[in-house]
Amino acid sequence: MILDASSVIRKVAKRILTSEDMAVVEAKNSAEAISMAAAQMPDYIIVDAGINDGQCDDLIRQLRKMDSKNEAKIICCMTQVDLAGMMRAKRAGADEFLLKPFDRHQLLGQFRTIRKAAA
């Protein structure tokens, strides 16, 4: 799942990840993301750190509290390195961080790293 208010970011990420045989769904806001995750928790969730006026840690906590057999890997996507924001997101349950704008190489590299760590 890709959660970002920007349709451009969602479409670019979806195009990149779909080319790697991943099924990708898009959410434009927190309510959509929560609803989709409640129906079926994805394996990976890319969360825009700027969602909810920069309060993505609240959303991450909500996702982590959901009752699901599948524990999603959550990647917090930021426009700049913000150590305080990263620490809040990490404490809330974020697994990894990604800077945007990202390109194909960066996004796929992030997923390869996560998959290797899970193996």
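A salt bridge is counted here when a side-chain nitrogen of Lys or Arg lies within 4 Å of a carboxyl oxygen of Asp or Glu, and a search of the whole structure finds nine of them. The model is a predicted one, in which local features need pLDDT of at least 70 and side-chain atom pairs count only at pLDDT 80 or more, while totals for chains, interfaces and linings use all residues. Residues are numbered from 1 along each chain as its sequence is written, and side-chain values use heavy atoms, with hydrogens and water left out.

**Stop 1: Arg10**

Select Arg10, which lies in helix α1, residues 7-18; helices (H or I, at least four residues) and strands (E, at least two) are DSSP runs numbered from the N terminus. Arg10 has a relative accessibility of 10% and therefore counts as buried, given that buried means under 20% relative accessible area, exposed over 50%, and partly exposed in between, with a 1.4 Å probe and protein chains only. Now show the surroundings of Arg10: leaving aside residues up to four places away in sequence, Arg10 touches Ile2, Asp4, Ala5, Glu26, Ala27 and Lys28, where contact means heavy atoms within 4.5 Å. To the backbone oxygen of Ala5, the side chain of Arg10 reaches at 3.4 Å.

**Stop 2: helix α4**

Move to helix α4, residues 56-65, and colour Cys56, Asp57, Leu59, Ile60 and Leu63, which are buried. These residues lie on the same side of α4, because they cover an arc of only 155° around the axis, the arc being that of the directions from the helix axis to the C-beta atoms.

Which residue meets the side chain of Arg61 in a salt bridge at 3.6 Å, N to O? The partner is Asp57, and both residues lie in helix α4, four residues apart, about one turn of the helix. Asp57 counts as buried at 7% relative accessibility, whereas Arg61 is partly exposed with a relative accessible area of 34%. Keep Arg61 selected and add Asp58, since the side chains of Asp58 and Arg61 also meet in a salt bridge, at 3.1 Å from N to O. Asp58 and Arg61 are three residues apart in α4 and so separated by about one helical turn, and Asp58 is partly exposed, at 37% relative accessible area.

**Stop 3: Arg64 and Asp95**

Next select Arg64 together with Asp95, which form a salt bridge whose closest N and O atoms are 2.7 Å apart. Asp95 lies in the loop between α5 (83-92) and β5 (96-99) and Arg64 in helix α4, so the pair ties together parts that are 31 residues apart in sequence. Both ends are partly exposed, with relative accessible areas of 24% for Asp95 and 26% for Arg64.

**Stop 4: a salt-bridge network**

Display Asp4, Asp48 and Lys100, which are linked in a network of salt bridges; Asp4 is also one of the residues touched by Arg10.

**Stop 5: Leu99 and its surface patch**

Finish at Leu99, found in strand β5 and partly exposed at 42% relative accessibility. Not counting residues up to four places away in sequence, Leu99 touches Met78, Thr79, Gln80 and Val81; Leu99 and Met78 are 21 residues apart in sequence, yet 4.9 Å apart in space, C-alpha to C-alpha. Then turn on the surface of Val81, Leu83 and Leu99, which make a nonpolar patch of about 310 Å². Patches are made of residues with over 30% relative accessible area and no salt bridge, like charges being joined within 9 Å and nonpolar side chains (Val, Leu, Ile, Met, Phe, Trp, Tyr) within 5 Å; accessible areas come from the Shrake-Rupley method with a 1.4 Å probe, and for residues only the protein chains shown count as cover. Within this patch, Leu83 lies in helix α5 and counts as exposed at 62% relative accessibility.

Technical notes. Polar contact = N/O pair within 3.5 Å; in protein donor to acceptor, adjacent residues only side chain to side chain.
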